[in-house]
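Q: I would like to learn how to read this structure with care, starting from a packed pair of elements and moving outward to the whole chain. Could you take me through it feature by feature?

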Amino acid sequence: MTDTRDHLLSILVRDEPRVLTRITALFGRRGYNIRSLSVGSTEHPGVSRMTIVVSGDRGVVEQAIRQLEKLHDVVRIIDHSLEKYVDRELVLVKVAITPESRVEVRQIAEDFRSRIVDVGRHALTFEVTGDEGKITAFIEQMRPFGILETMRTGRIALTRGSNADIPTHVYHEGETQALQPTLEVEPREERARHVPNLF
């Protein structure tokens, strides 16, 4: 029996044109199902972080990682299933309201620590941040009132800890991915200078 589940990967890539296209095309050609995708800049100039949630068994994920490592634009891959991590997601939810339901809808939103970002006569729009379970629960609580629109971001994640506060043996045998040294990404132009001209 195949153990299919979601796997959370962070992929550090060079911040260059068409990198996103090449990576998503790799998943598409091999039939991997991407459930969530988020991309943003990092603390390193010229490096972006892609956070991907991919469905499949462990073998599928390991095969995807091996294929990604072959791409020149990929700097590092972090498989969050191997360590403890913190993840967040954001959703905007527009909920229909009536004079009778307004107070109840606001109370539920307050219980979830959501923020009202837009107020209308017949609808309220909420912003909710949290893990996947919290986001899903909020949407289900609001569904009976009538959800008019939703926009949900993909998950983002970081490995817990830092060089300063976690010993190397905390999570598993060997060095944790959270303790790896700062990235040094050599620009393409600099690398090209060291390649001999064969023509």
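A: We can begin where two helices touch: Val 105, Ile 108 and Ala 109 in α3 meet Phe 138, Gln 141 and Met 142 in α4. By character, the residues of this contact divide into five nonpolar, one polar and no charged. Please keep in mind throughout that the model is predicted.

Q: At roughly what angle do the axes of helix α3 and helix α4 cross?

A: A helix pair is read from the approach of its axes together with the angle between their N-to-C directions. Here the axes of α3, residues 102–111, and α4, residues 132–142, come within 11 Å and cross at roughly 170°. Angles over 145 degrees count as roughly antiparallel, and α3 and α4 are therefore roughly antiparallel to each other.

Q: Which are the buried residues of α3, and what covers them?

A: For a helix, one asks which residues are buried and then how they are arranged around the axis. In α3 the buried residues are Val 105, Ile 108 and Ala 109, and, seen down the axis, they fall within an arc of 100°, so they line one face of the helix. These are also the α3 residues that meet α4, and the cover over the buried residues of α3 includes β5, β7 (123–130) and α4. On the face turned away from that buried side, α3 carries the exposed residues Val 103, Glu 110 and Asp 111.

Q: What are the buried residues of helix α1?

A: In α1, residues 19–29, they are Val 19, Ile 23, Leu 26 and Phe 27. They cover an arc of only 95° around the axis, which puts them on the same side of the helix. The face turned away from the buried side of α1 carries the exposed residues Thr 21, Gly 28 and Arg 29, while the cover of its buried residues includes β1 (5–14), β2 (33–41), β3 (47–56), α2 (58–69) and β4 (74–79).

Q: Which residue has a positive phi just after α1, and which has one just after α3?

A: Backbone torsions deserve a look where a helix ends. Just after α1, Gly 31 takes a positive phi of about 75°, and just after α3, Arg 113 takes a positive phi of about 55°. Arg 113 is not a glycine; it is found in the loop between α3 and β6 (115–119) and is exposed, with a relative accessible area of 75%. Another residue to note is Arg 18, which has a positive phi of about 70° although it is not a glycine. Arg 18 lies in the loop between β1 and α1, and at 60% relative accessibility it counts as exposed.

Q: Is His 80 buried or exposed?

A: A loop position should be judged by its accessible area and its contacts. His 80 lies in the loop between β4 and β5 (85–96), and it is buried, with a relative accessible area of 2%. Leaving aside neighbours within four places in sequence, His 80 is in contact with Leu 8, Leu 9, Ser 10, Tyr 85, Ala 157, Leu 158 and Thr 159.

Q: In which strand does Thr 51 lie, and which residues does it touch?

A: Thr 51 lies in strand β3 and, at 2% relative accessibility, counts as buried. Not counting residues up to four places away in sequence, Thr 51 touches Leu 8, Leu 9, Ser 10, Ser 36, Leu 37, Ser 38, Arg 155, Ile 156 and Ala 157.

Q: How many helices and strands does the chain have, and what pattern does it follow?

A: The chain has five helices and nine strands, and read along the sequence it follows the pattern β-α-β-β-α-β-β-α-β-β-α-β-β-α. Of its 199 residues, 36% count as buried. Among contacts with a separation of 6 or more, residues 24 or more positions apart account for 71%.

Q: What pLDDT does the chain average, and where is the pLDDT below 50?

A: The chain averages a pLDDT of 82, and 79% of the residues score at least 70. Over residues 163–174 the pLDDT is below 50, and beyond near neighbours in sequence this stretch has 18 contacts in the model. Over residues 191–199 the pLDDT is likewise below 50, and that stretch has four contacts beyond near neighbours in sequence.

Conventions: Residues are numbered from 1 along each chain as its sequence is written. This is a predicted model: local features need pLDDT of at least 70, side-chain atom pairs count only at pLDDT 80 or more; totals for chains, interfaces and linings use all residues. Side-chain values use heavy atoms; hydrogens and water are left out. pLDDT is the predictor's confidence in each residue, from 0 to 100. Contact means heavy atoms within 4.5 Å. Axes are lines fitted to C-alpha atoms, for helices over the stretch in contact, and angles run from 0 to 180 degrees between N-to-C directions. Helices (H or I, at least four residues) and strands (E, at least two) are DSSP runs, numbered from the N terminus. Angles under 35 degrees count as roughly parallel, over 145 as roughly antiparallel, 65 to 115 as roughly perpendicular and the rest as oblique. Ala, Val, Leu, Ile, Met, Phe, Trp, Tyr, Cys and Pro count as nonpolar, Asp, Glu, Lys and Arg as charged, and the others, Gly among them, as polar. Buried means under 20% relative accessible area, exposed over 50%, partly exposed in between (1.4 Å probe, protein chains only). The arc is that of the directions from the helix axis to the C-beta atoms.
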